[in-house]
Amino acid sequence: NWKLGIWTQASNNIQAVLNELGLKSKQEKRMMYLSIAYSANVGGTGTIIGTPPNLIFMEFLTSQYPNHPLNFGSWMLFSLPNVILNLFLLWIVLQLYFMGANSLRDQFKCKSNTEETKMSQNVRGMLRDRYQLLGPMTFHELSTLVLFSSVVLIWLLRNPRFIPGWSEMLEWTDSGGSVVSISSATPTLLIVILFFVIPADPVKDPK
């Protein structure tokens, strides 16, 4: 049920974006839906937290091979080139299937017809108007940016290999002689708790 609810919400959001872009034909909508679904699958392989199977694989690898070389940084170093290549191939396939070879040829020749140029200008104008309506960054948005950036740095610096990571500095030995270290989940939960602790507006509503 929760998966159906997430997909329903995502579908409504996509439909709203398509309406803003002025895409009304079934073919254009089908292309956008497929591009989002495929790119989400491809992009999920880029980081350890990109998709649940990555996390399961890392937990299994860590339990079976404690000294394995994979960490947040080395995973991205290996996976991001594949993500970029697959997204490029995906774009070519969708262009060929929905737009035809002539459209793809025009893209590489930097040519565009009047209709495509007009649509591109409409999209730029719509994005510019929506951006201006956002107004200045609020405290809540700034705190979200800082907390998210902090947890990314925590993931990258846990065990970067080229310098001592914070997990090595905070290791200890228990009574049985086993080395105990803090996993990435603990600081992640700390950041999640801070999201609930820090008020959205500490000036007008500090509680």
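The exercises below, each with a worked solution, concern a predicted model.

**Exercise 1.** Determine which residues line the largest cavity and how the lining divides by class.

*Solution.*
Step 1. Count the cavities: there is one cavity of 30 Å³ or more.
Step 2. Take the volume: the largest cavity holds about 40 Å³ of space.
Step 3. List the lining: His 140, Ser 143, Leu 147, Leu 194, Phe 195, Ile 198 and Pro 199.
Step 4. Assign the lining to helices: α7 (139–157) and α9 (185–197) each contribute at least two residues, and the largest share, three residues, belongs to α7.
Step 5. Sort by class: five lining residues are nonpolar, two are polar and none is charged.

**Exercise 2.** Establish whether Asn 54 is buried or exposed, and find which backbone oxygens its side chain reaches.

*Solution.*
Step 1. Locate the residue: Asn 54 lies in helix α3, residues 52–64.
Step 2. Apply the cut-off: the relative accessible area of Asn 54 is 10%, so the residue is buried, the limit being under 20%.
Step 3. Find the polar partners: the Asn 54 side chain reaches the backbone oxygen of Gly 44 at 3.0 Å and the backbone oxygen of Thr 47 at 2.9 Å.
Step 4. Collect the contacts: apart from neighbours within four places in sequence, Asn 54 is in contact with Gly 44, Thr 45, Thr 47, Ile 48 and Trp 75.

**Exercise 3.** Identify the members of the largest nonpolar core and the helix that gives the most to this core.

*Solution.*
Step 1. List the members: the eight residues are Ile 48, Met 58, Phe 72, Trp 75, Leu 147, Val 151, Trp 155 and Ile 191.
Step 2. Assign them to helices: α4 (72–99) and α7 each supply at least two residues of this core, and α7 gives the most, with three residues.
Step 3. Examine one member: not counting residues up to four places away in sequence, Met 58 touches Ile 48, His 68, Leu 70 and Trp 75.
Step 4. Compare with the earlier exercises: Leu 147 belongs to this core and also lines the largest cavity, while Ile 48 and Trp 75 are core members that are in contact with Asn 54.

**Exercise 4.** Classify the accessibility of Val 180 and describe its contacts.

*Solution.*
Step 1. Locate the residue: Val 180 is in strand β2, residues 179–180.
Step 2. Classify: Val 180 has 25% relative accessibility and therefore counts as partly exposed, since this class runs between 20% and 50%.
Step 3. List the contacts: beyond residues up to four places away in sequence, Val 180 touches Leu 170, Glu 171, Trp 172 and Asp 174.
Step 4. Take one pair: Val 180 and Leu 170 are 10 residues apart in sequence, with a C-alpha to C-alpha distance of 8.8 Å.

Key. Residues numbered from 1 in each chain as written. Predicted model: local features only at pLDDT ≥ 70, side-chain atom pairs only at ≥ 80, totals over all residues. Heavy atoms only, no water. 1 Å grid on protein atoms, 1.4 Å probe; cavity = no way out; pocket = protein on both sides within 12 Å on 5 of 7 lines; lining within 4 Å. Points joined across faces, edges and corners; volume = space filled by probe spheres on them. Helix = DSSP H or I, 4+ residues; strand = E, 2+ residues; numbered from the N terminus. Nonpolar A, V, L, I, M, F, W, Y, C, P; charged D, E, K, R; others polar. Buried < 20%, exposed > 50% of the residue type's maximum accessible area, 1.4 Å probe, protein only. Polar contact = N/O pair within 3.5 Å; in protein donor to acceptor, adjacent residues only side chain to side chain. Contact = heavy atoms within 4.5 Å. Core = buried A, V, L, I, M, F, W, Y, C linked by side-chain atoms within 4.5 Å.
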